[in-house]
Amino acid sequence: MKVKCPICDTIDDIRSDSPLAKKLRNRRKHLYLCPTCSERIGENTKKRHATGNFRLYKEKKQDDPFIS
Ligand SMILES: [Zn+2]
């Protein structure tokens, strides 16, 4: 089946009996991302997580009555 990456408009042909194809058919929200974009998004997500963790850690420290 043909799938289009919504980010860079690359059209890939994936096996229709592959697990990914089944996932795409079952869940409409699941978007196909080409390997390049999924890698890039994965990196961004990791970065965002790192920032989030850092903020969480800072807030926790400020709210802790035993530290200050
Ligand atoms: Zn792409």
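Before I come to any residue, let me fix one term: a residue is called exposed when its relative accessible area is over 50%, and buried when that area is under 20%. What I am showing you is a predicted model, and by that cut-off Ile11, at 52% relative accessibility, counts as exposed.

Let me stay with Ile11 for a moment. Ile11 sits in strand 2, which covers residues 11-13, and once its neighbours within four places in sequence are set aside, Ile11 is in contact with Lys2, Val3 and Lys4. Its C-alpha lies 9.8 Å from that of Tyr32, a residue 21 positions away in sequence.

Now the overall picture. The protein has 2 helices and 2 strands, and along the sequence these elements follow the pattern β-β-α-α. Of its 68 residues, 13% are buried. If we take the contacts between residues at least 6 apart in sequence, 33% of them join residues at least 24 apart.

As for confidence, the mean pLDDT of the protein is 81, with 75% of the residues reaching 70 or more. Among the elements, strand 2 has the highest mean pLDDT, at 94, and helix 2 has the lowest, at 75.

Let me turn to the metal site. Which atoms serve as the protein donors of the zinc ion? They are the SG atoms of Cys5, Cys8, Cys34 and Cys37, lying 2.3 Å from the zinc ion. The angles among the 4 donor atoms run from 106 to 117°, and the site is tetrahedral. Along the chain, the donors follow the spacing C-x2-C-x25-C-x2-C. Cys5 belongs to the loop between strand 1 (2-4) and strand 2, whereas Cys34 belongs to the loop between helix 1 (19-26) and helix 2 (35-63), so this pair ties together parts that are 29 residues apart in sequence.

Are these cysteines buried or exposed? Both Cys5 and Cys34 are buried; for Cys5 the relative accessibility is 0%, which is why it counts as buried, and Cys37 counts as buried because its value is 2%. As for cysteine pairing, a disulfide would require two cysteine sulfur atoms within 2.5 Å, and by this rule the count comes to 0 disulfides.

The cysteines also bring us to the core. The largest nonpolar core has 8 residues in all, namely Val3, Cys5, Ile14, Ala21, Leu24, Tyr32, Cys34 and Cys37, and three of the zinc donors, Cys5, Cys34 and Cys37, are therefore found in that list. Tyr32, another member of this core, touches Val3, Lys4, Cys5, Pro6, Asp12, Ile14, Leu20 and Leu24, when residues up to four places away in sequence are not counted.

One last detail concerns the backbone. Most residues other than glycine have a negative phi. Asp9, however, has a positive phi of about 60° although it is not a glycine, and Asp9 is found in the loop between strand 1 and strand 2.

How values were computed: Residues are numbered from 1 along each chain as its sequence is written. This is a predicted model: local features need pLDDT of at least 70, side-chain atom pairs count only at pLDDT 80 or more; totals for chains, interfaces and linings use all residues. Side-chain values use heavy atoms; hydrogens and water are left out. Helices (H or I, at least four residues) and strands (E, at least two) are DSSP runs, numbered from the N terminus. Buried means under 20% relative accessible area, exposed over 50%, partly exposed in between (1.4 Å probe, protein chains only). Contact means heavy atoms within 4.5 Å. Donors are N, O and S atoms within 2.8 Å of the metal (3.2 Å for Na, K and Ca); water is not among the atoms, so sites may look incomplete. Four donors count as tetrahedral if all angles lie between 85 and 135 degrees; four count as square planar and six as octahedral if opposite donors are over 155 degrees apart and all others between 65 and 115; anything else is irregular. pLDDT is the predictor's confidence in each residue, from 0 to 100. A nonpolar core is a set of buried Ala, Val, Leu, Ile, Met, Phe, Trp, Tyr and Cys residues joined through side-chain atoms within 4.5 Å.
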